[in-house]
Amino acid sequence: MTSAPWYSITKAFCIAFVMTFFSAFDVPVFWPILLFYWVVLFSLTMRRQISHMIKYKYVPFSFGKQLEHSEDMMAAEEGCFEVYYGQLDVQLPVEQLFRLWTSWVGK
């Protein structure tokens, strides 16, 4: 029988909490060793995460300056978006676009 993960975590927390009340479990820890342990765990975890992100072509940071802005980006910086409604190309302010969207979603 396998137990649920929340049960194991809760049991471990309760045991650790009870152990804090007994001096037999008060073990001195040399802080540089603890720091080294934290750095090793952090670097192993981040290496795994970053390699996973690179594998699936997700890079959360950019290198260098962006050379050209698309029209959508420039419109977003100005607070307007282009809306294509049939044959019309209309630039709407963000607030008006939000009102238009909420009225359409509400139907």
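A nonpolar surface patch is formed by Phe 13, Ile 15, Phe 17, Val 18, Met 19, Phe 21, Phe 22 and Phe 25, with a combined accessible area of about 860 Å². Patch members have over 30% relative accessible area and no salt bridge, and nonpolar side chains (Val, Leu, Ile, Met, Phe, Trp, Tyr) are joined within 5 Å. A salt bridge is a side-chain nitrogen of Lys or Arg within 4 Å of a carboxyl oxygen of Asp or Glu. Areas follow the Shrake-Rupley method with a 1.4 Å probe, and for residues only the protein chains shown count as cover.

The model is predicted; local features need pLDDT of at least 70, side-chain atom pairs count only at pLDDT 80 or more, and totals for chains, interfaces and linings use all residues. Residues are numbered from 1 along each chain as its sequence is written, and side-chain values use heavy atoms, without hydrogens and water.

The protein chain holds four helices and two strands (DSSP runs: helices H or I, at least four residues; strands E, at least two; numbered from the N terminus). Their order is α-α-α-β-β-α. Mean pLDDT (predictor's confidence in each residue, 0 to 100) is 75, with 54% of residues at 70 or more. Helix H1 (residues 5-19) has the highest confidence, at 93, and strand E1 (residues 80-85) the lowest, at a mean of 53.

Phe 13 lies in helix H1. Its relative accessible area is 57%, so Phe 13 is exposed (over 50%; buried is under 20%, partly exposed in between; 1.4 Å probe, protein chains only). Of the 107 residues in the protein chain, 4% are buried.

Just after H2, Lys 57 adopts a positive phi of about 60°.

Definitions and conventions
Patch = residues over 30% accessible without salt bridge, like charges linked within 9 Å, V, L, I, M, F, W, Y side chains within 5 Å.
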